[in-house]
Amino acid sequence: MMTKDGAANREQIEFLSLDELVPEDHLVRKLENAIDWSFIYELVEDKYSEDNGRPSLDPVTLIKLPVLQYMFGMRSMRRTIKEADVNMAYRWFLGLSIYDPVPHFSTFGKNYTRRFKGTDLFEQIFQRILTECFQAGMVDPSVVFVDSTHVKARANGKNYHDEVAAEQALWYENELKEEIQKDREAHGKRPLKDLTVVDDEDDMPEADDNEDDVPPSPPPESTSRGKPNKNTSKKKIARRKQEKHVKKSTSDPESGWFRKGEHKHVFAYSVETVCEQDGIILGYSVHPGNENDGRTFPSVFDKVEDFPIEIVVGDTAYETPAIARMLSLKGIDLLSAYKRPQTKAGFFPKHEYVYDEYNDCYICPNNQILNYRTTNRHGYRKYRSNPEICAGCPYLKQCTESKKHLKTVTRHVWEDYVEQAEENRYTDGIREYYQLRKETIERDFGLAKELHGFRYTQMFGKARMEMKVALTYACLNLKKLAKVRWKERKKALPSCSFSACFFISLPKLLKAAFGFAPKAPLSTV
């Protein structure tokens, strides 16, 4: 039988509570059950006046607004407010009644600017949810996975200006200098001089490929008239320094020009992330999109260093001498992927040259010795062959194209730590963890971008990007926590409460007392 009264109940007056309109298994109920949101009051207490001004919007409601936005992947706060105006589950989660007005979409933005900007409030919210995950027994930080993903910035790729990139000091620079000086001293070499740009030609820095690192003599003065000699010391220094030019966005200068493989070239932010075996995110850091993961690793590692980490799993970007050494000194194993040798086709890869640690030399595929020559200022020892022997070698064309028949092999002063990391790939009990990257860190990135609006940001600046990352990652952890505690709650409840049994037996009671039962449900056919 076809029914034609679909719109008859639109103006019917009902007596009900907002709680009855929210399904029992809705995600907002699980989120509310997962944690006690009143901890926000303590975090923002010093941002409000005690006895002056008008009553403010409840801080818990204020913070729950962006949580709703990132939890359900809404693209803007304006859209979030429109959804909360008509969605009873959202109103229930925010603590609003059916008739309460929903806050204006600019409310959170104004409060961020006036109260929360420049604070670590959202980092504290992320840490609080992470602490709840620890208390629930969900976190095992013995093995962690590290990687970075790029989030498109709110910047037009065509609006930029060219800028000389400021030279950034390496985080391991001082330790590397000390190691270089010790290595040169052990080999009977003179200490390196500081590489500084000066006006005096007599103090011109030496070239890295000079075996003994002796400053070359200044060029002779030109005796010809007319144009001055272009081959001056400053010109040499400028060419050797090779100033790096970068694209700087005019709308979001804190972002970086991101270009990788077949990806579209855009301005973006790089979000470096650490998670554990079940995908719980332990820490993060935000950087411009053009910064290398190996250089930014210490900033994210500082946030998880206190955890009892035994193994760090990362891609080839993290298998650097500095990172391998830092983790090894802390008693942590580094596990990385195999990186194919980037040797020119037709030439011997580096692993064909065997290092003799006892004699401190390399042995080439023709069983000839490459002796130590020097250690340059980048931390690489140079081992060179004998040109007279190489001239008659049958493998010369597979070894070098040098006109002087000279083969040079380099080895970093911290290469031993890298070799230990490479051995971990073949060690039982460690190598299996690399296969879990797609189920942990890569899955977190995929969920964040597919479901939580993490592909791009609608906001300007690194500070607001850090807020977005903190809340997005807090939502990812909170969903896992909510699922676990919801199961615990269902187990704790009795199998059939009094109210549930009453409503189950209601049709029989009505029929027995009044001779009728409630209207049958509509057919699903």
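Colleague: Before we get to the loops, what counts as a strand here?

Modeller: Strands are DSSP runs of at least two residues, numbered from the N terminus. Keep in mind that this is a predicted model.

Colleague: Okay, so where is Asp252 found?

Modeller: Asp252 lies in the loop that links strand E3 (245–249) to strand E4 (256–258).

Colleague: Is Asp252 buried, and which side chain of opposite charge is nearest?

Modeller: Asp252 is buried but has no salt bridge. The nearest side chain of opposite charge belongs to Arg154, 8.7 Å away.

Colleague: What does Asp252 touch, then?

Modeller: Leaving out residues up to four places away in sequence, Asp252 touches Ala153, Arg154, Ala155, Tyr269, Met459, Phe460 and Gly461.

Colleague: Switching topic: which residues touch the most other members of the largest nonpolar core?

Modeller: That core has 95 residues, and Phe116, Phe122, Phe297, Leu327, Tyr473 and Leu478 touch the most other members. Helix H16 (residues 462–492) gives the largest share, twelve residues.

Colleague: And which residues does Phe116 touch?

Modeller: With residues up to four places away in sequence not counted, the list includes Val44, Tyr48, Leu62, Ile63 and Phe122. Lys47 and Asn111 are among them too.

Colleague: What about a second core?

Modeller: A separate one has nine residues, including Phe348, Cys364, Leu370 and Cys399.

Colleague: Last thing: what is the average pLDDT, and where is it below 50?

Modeller: The chain averages 82, with 84% of the residues scoring at least 70. The pLDDT is below 50 over residues 197–227, a stretch with 52 contacts beyond near neighbours in sequence. It is also below 50 over residues 517–525, where the model has three such contacts.

Definitions and conventions
Residues numbered from 1 in each chain as written. Predicted model: local features only at pLDDT ≥ 70, side-chain atom pairs only at ≥ 80, totals over all residues. Heavy atoms only, no water. Core = buried A, V, L, I, M, F, W, Y, C linked by side-chain atoms within 4.5 Å. Buried < 20%, exposed > 50% of the residue type's maximum accessible area, 1.4 Å probe, protein only. Helix = DSSP H or I, 4+ residues; strand = E, 2+ residues; numbered from the N terminus. Contact = heavy atoms within 4.5 Å. Lys, Arg positive; Asp, Glu negative; His and termini not counted. Salt bridge = Lys/Arg side-chain N within 4 Å of Asp/Glu carboxyl O. pLDDT = per-residue confidence, 0-100.
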